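Work through the exercises below with the sequence and the coordinates at hand. Each task is followed by its solution.

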Amino acid sequence: MMWKDKYKIGVELIDEQHEELFRRVSEFTKIIRSEEDWNSRIDKVKETMDFMKDYVIDHFNEEEAYQAKINYPEIEIHKKAHASFKEGVDNYIKIFEEEGFNEDRIQEFGGKLMTWLIMHVGNMDQKIGEYVKSKGGQI
Amino acid sequence: MKVEYVNSFYKAAKDVFQLMVDIDPQRGDLKFIENISNDKDANVELGVIGDLKGTILFSFPKNMTLEMVKILSGMEMDKIDNFASSALGEMANIIGGNALTLLAQHHYTCDIVPPQIFIGEYKPHPIDSDKALLLPLLTPIGEFDITILLKENK
């Protein structure tokens, strides 16, 4: 299981979305690491990637809207981190469009995506939770 | 080489390991080595440019690499494939980035060149004939090294 309870920030909506994001990335990782023939998995890989790309964007937008609502002081830094996360994903999508869905490249992307997600949620997003707590709980 | 360099990489490695794999690495004995090389199984090379110029090498044994990626993904790993090496490279990249943020507090402004991953022994570059500093880090899942070769470029 990729998700750990320590990643919770204490804001229900965001925690639910993070858990869903981890579930999707876990599922994606399982598909790309399965022993089955690559061609039989490729449609599932594409479908999961499409969903994930949309979900990441929706989640980042909602998280930024929440940060604006609570006047989160580090919102601009956080927006930059989201932009660079999205850029990382987009760069790989461009590679896949140009080179096709090559298994080695997808594995490489999967390893990075997992690490980015854990680092972003486990580190940067925790600061939102700390800010909310410093303001006395749910804002 | 200055103590700030080593401390920045040690602190960054400690923080990232605690956060990502729930492991608290402990410092082993620092030593100077003739040039930057390592015979551990998975090596990640980061180039540093800016006020400091040089190379940082992260070196991990195979079993430790597999155990780390297993902790991250929750999945069994039996070989260092593209998925595992890419995750390892990214972790080293994050440690390097955080170390440079710490070094910026000592007024060194630097950037990282994207990581290069070498599976198998890392052979020294013929041009890197300077002495490097090897920092061993001890963890319950194995011992890894950070080798630092940095020169002031101001």
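**Exercise 1.** Find what share of the 154 residues in chain B is buried.

Solution. Count a residue as buried if 20 or more other C-beta atoms, placed from the backbone, lie within 10 Å of its own. Buried residues then make up 42% of the 154 residues in chain B.

Two notes on conventions apply throughout. The model is predicted, so local features need pLDDT of at least 70 and side-chain atom pairs pLDDT 80 or more, while totals for chains, interfaces and linings use all residues. Residues are numbered from 1 along each chain as its sequence is written, with chains lettered from A and ligands numbered from 1 in the order in which they are written.

**Exercise 2.** List the secondary structure elements of chain B in order, then test its compactness against the globule rule.

Solution. Take helices (H or I, at least four residues) and strands (E, at least two) as DSSP runs, numbered from the N terminus. Chain B has three helices and seven strands, in the order α-β-β-β-β-α-α-β-β-β. Its radius of gyration, over C-alpha atoms, is 15 Å; the globule rule (2.2 Å times the number of residues to the power 0.38) also gives 15 Å for 154 residues, so chain B is as compact as a globular protein of that length.

**Exercise 3.** Check the length of helix H3 (residues 75-99) of chain A.

Solution. The expected span is 1.5 Å times one less than the number of residues. For the 25 residues of H3 this gives 36 Å, and the end C-alpha atoms are 36 Å apart, which agrees. After H3(A) comes Gly100(A), with a positive phi near 85 degrees.

Key. Buried ≥ 20, exposed ≤ 12 C-beta atoms within 10 Å, placed from the backbone.
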